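Trainee: Please take a close look at a single part of this model and set it in the context of the whole chain. I would like the cut-offs to be stated as they arise.

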Amino acid sequence: KAVVSTQSTGVSEADMTFNSTSRWDDLRKHARSYENELDTKLVAFSKLGNSFAQDMERDSAPLLTGDNIFDTMSVEIESILANLTSVNDEMADLLGSVNTTASMRHICQRHRDILQDYTQEYCKTKSNIQAFKDREELLGSVHQVNSFKNGLNNRKQDFFLKENENIMGADGVTNDTISIAIATKENLYAQRGGLAGISSKMNAISNKFPLIGSLMNKINVRSRRDSIIIAGVITGCLIALFLLS
């Protein structure tokens, strides 16, 4: 019975050793696969960071698609890092459950060092890109403020230009009004001269003919009254024009 028990135990240990070796090989394959995938992703991630830096140097805003790519790649890389971390933990657990060699311990430590290097590289690149994005958002806010100020200045300039045009228009109306007033004045002086000539002739006639003289006096009174009325109307028109302008 003892011999049978020993033989049974030997077979079980062999099976365990075989299974552990097979599992170790599978974990190493997964680790190398994740590491290769991480290397490719980090190279592309670094190029994305360089594109952000070049856009900042050219003082041009990155495309909105750049933000989407940044978020997508961050999620993908973090997922691969999590998977690689899980594989490394399983390798460490497996080393504690079976007889290990120095080579296996070295391989396990090597995979952990690679994971640490990739994690640091990812965090550094992500931090740089995030800094570029934060700076761009700040500059975008400054550009918006400057645009708003420029818009206010443009509206003020438009307002002053319109006011200047209104003033120039009012000056034109005033000049036209003055010209009309001067022409009317000259016309009245001309009419006054003509009336004065007629009046002197009529006075001479009225001295010879008293009845005609009385009639001429009435005409003179009505003429003066009409002149006063016309002068009042013209004065009122001029005042109204000045007030409206």
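Mentor: A residue is called buried under 20% relative accessible area, exposed over 50%, and partly exposed in between, with a 1.4 Å probe and protein chains only as the basis. This is a predicted model, in which local features need pLDDT of at least 70 and side-chain atom pairs count only at pLDDT 80 or more, while totals for chains, interfaces and linings use all residues. Residues are numbered from 1 along each chain as its sequence is written, and side-chain values use heavy atoms, with hydrogens and water left out.

The part chosen here is helix α2, which spans residues 64-97. The chain as a whole has four helices and zero strands, where helices (H or I, at least four residues) and strands (E, at least two) are DSSP runs numbered from the N terminus. Read from that end, the order of elements is α-α-α-α. Of the 245 residues, 19% are buried. As for contacts (heavy atoms within 4.5 Å), 80% of those with a separation of 6 or more join residues 24 or more positions apart.

The core comes next. What is the number of residues in the largest nonpolar core? A nonpolar core is a set of buried Ala, Val, Leu, Ile, Met, Phe, Trp, Tyr and Cys residues joined through side-chain atoms within 4.5 Å. The largest one holds 26 residues, and W24, L38, F45, L48, I77, L81 and M91 have the most contacts inside it. Two or more residues come from each of α1 (2-57), α2 (64-97) and α3 (102-208). Helix α2 supplies the largest share, namely ten residues. In soluble globular proteins, nonpolar side chains tend to be buried together.

L38 shows how this packing looks at the level of one residue. Apart from neighbours within four places in sequence, L38 contacts I77, I80, L81, L84 and Y118. Two of these partners, I77 and L81, are also among the residues with the most contacts inside the core.

S74 also belongs to α2. With a relative accessibility of 6%, S74 counts as buried. When residues up to four places away in sequence are set aside, S74 touches F45, Y122 and K126. F45 is one of the core residues already named, and K126 returns below as a salt-bridge partner.

Helix α2 also takes part in charged pairs. A salt bridge requires a side-chain nitrogen of Lys or Arg within 4 Å of a carboxyl oxygen of Asp or Glu, and the count by this rule is four. One of them joins R23 and E90, with N and O 2.3 Å apart. That pair connects distant parts of the chain, R23 lying in α1 and E90 in α2, 67 residues apart. R23 has a relative accessibility of 34%, so it is partly exposed, and E90, at 31%, is partly exposed as well.

Another salt bridge is formed by E76 and K41, at 2.8 Å from N to O. Here E76 sits in α2 and K41 in α1, 35 residues apart in the chain. E76 is partly exposed, given its relative accessible area of 32%; K41 is partly exposed at 24%.

A further bridge points to α3. K126 and E78 have their closest N and O atoms 3.0 Å apart, and they join helix α3 to helix α2 across 48 residues. K126 has a relative accessible area of 28% and is therefore partly exposed, while E78 is partly exposed at 36%.

Cysteine pairing can be treated briefly. The number of disulfides (cysteine sulfur atoms within 2.5 Å) is zero. C108 is buried, with a relative accessibility of 6%, whereas C237 is partly exposed at 44%.

K47 may be added from helix α1. Its relative accessible area is 57%, which means that K47 is exposed. K47 and T125 are separated by 78 residues in sequence and by 9.7 Å in space, C-alpha to C-alpha.

To return to helix α2: ten residues of the largest core come from it, and E90, E76 and E78 are its members in the salt bridges described.
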